[in-house]
Amino acid sequence: MALLTRPISRVSTWLLLGLAVVTVVIVAACSSGGGSSSGSGSGSSGSAVSSTSPVIKSFEFNPSPISVKVGTAVTWTNLDATNHTVTSNTGAFTSSDIGQGKTYSYTFTKVGTYQYHCAIHDYMHGTVIVHN
Ligand SMILES: [Cu+2]
């Protein structure tokens, strides 16, 4: 019996450590949201914001995802000092390089979900959801 208690208490120590680490990670993830604040921002990417004028700031498309009515022109404004592009993942549309303070507009004429990125910084991603 004495042999059993040792390994068990060691395991539970590791469990507690693991829980502590997980908690820290979750807290860090929640507080690094960048303050884009649109109500119930609890993790899921499903909550699209209605917007036709997103900005590109700090190497992020903001807000994203956005939802617009079909036929709507969306205009992105680059607020960074660095050039960016708005480039469809499927090639449906692309801007040329957008300089600081410059804009790019695209009119969405078909219902669907459009994922895009920056061709210069391929880690920058955004989504436009076009509805009826
Ligand atoms: Cu970029």
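**Note on two open sheets and their loops**

1. Opposite Val 68 stands Val 130, a residue of strand 9. The model is a predicted one: local features require pLDDT of at least 70, side-chain atom pairs are counted only at pLDDT 80 or more, and totals for chains, interfaces and linings use all residues. Residue numbers start from 1 along each chain as its sequence is written. Helices (H or I, at least four residues) and strands (E, at least two) are DSSP runs numbered from the N terminus. Two strands pair if DSSP finds at least two bridges between them.

2. The protein chain holds one helix and nine strands. Read from the N terminus, the order of the elements is α-β-β-β-β-β-β-β-β-β. Of the 132 residues in the protein chain, 17% count as buried; a residue is buried if 20 or more other C-beta atoms lie within 10 Å of its own, exposed if 12 or fewer, and partly exposed in between, with C-beta atoms placed from the backbone. Contacts in the protein chain between residues at least 6 apart in sequence include 45% that join residues at least 24 apart. Two residues are in contact if their C-beta atoms, placed from the backbone, lie within 7 Å.

3. How are the strands ordered in the open sheet of five strands? The order is 1-4-9-8-6, and the pairing is mixed. Strand 1 and strand 6 are at the edges, each with a single partner strand, so one side of each has no neighbour in the sheet. In general, strands of a sheet pair through backbone hydrogen bonds, in either a parallel or an antiparallel sense.

4. Two pairings of the five-stranded sheet deserve a closer reading. Strand 1 (residues 49-50) runs parallel to strand 4, and two bridges join them. The bridge partner of Ser 50 is Ser 67, in strand 4. Strand 4 also pairs with strand 9 in the parallel sense, over four bridges. The pair Val 68 and Val 130, the latter in strand 9, was named at the start of this note.

5. Ile 129 offers a useful view of strand 9, which spans residues 125-131 and contains it. Is Ile 129 buried or partly exposed? It is partly exposed, because 18 other C-beta atoms lie within 10 Å. Apart from neighbours within four places in sequence, Ile 129 is in contact with Ala 48, Pro 65, Ser 67 and Thr 113. Ser 67 in that list is the bridge partner of Ser 50. The C-alpha atoms of Ile 129 and Tyr 114 are 6.2 Å apart in space, although the two residues are 15 residues apart in sequence.

6. A further open sheet has four strands, in the order 3-2-5-7, and its pairing is mixed. Its edge strands are strand 3 (60-62) and strand 7 (103-108), each of which pairs on one side only. From one strand to the next, the twist averages 25 degrees; the axes are lines fitted to C-alpha atoms, for helices over the stretch in contact, and angles run from 0 to 180 degrees between N-to-C directions. Strand 5 (residues 72-78) pairs with strand 7 in the antiparallel sense over six bridges. Trp 76 has Tyr 104, in strand 7, as its bridge partner.

7. The next points concern backbone geometry. Most residues other than glycine have a negative phi, and most peptide bonds are trans. Which peptide bond ending at Pro 63 is cis? The bond from Asn 62 to Pro 63 is cis, with omega near 0 degrees. The bond from Ser 64 to Pro 65 is likewise cis, with omega near 0 degrees. Pro 63 is placed in the loop between strand 3 and strand 4 (66-69), and Pro 65 lies in the loop between strand 3 and strand 4. Pro 65 is also one of the contacts of Ile 129.

8. The loop between strand 2 (55-57) and strand 3 contains Ser 58 and Phe 59. Neither residue is glycine, yet phi is positive: near 50 degrees for Ser 58 and near 60 degrees for Phe 59. Ser 58 is exposed, because 10 other C-beta atoms lie within 10 Å. Phe 59 counts as partly exposed because it has 13 C-beta neighbours inside 10 Å.

9. Ala 81 belongs to the loop between strand 5 and strand 6 (87-88). With 8 other C-beta atoms within 10 Å, Ala 81 is therefore exposed. Its C-alpha atom is separated by 9.2 Å from that of Ser 58, and the two residues are 23 residues apart along the chain.
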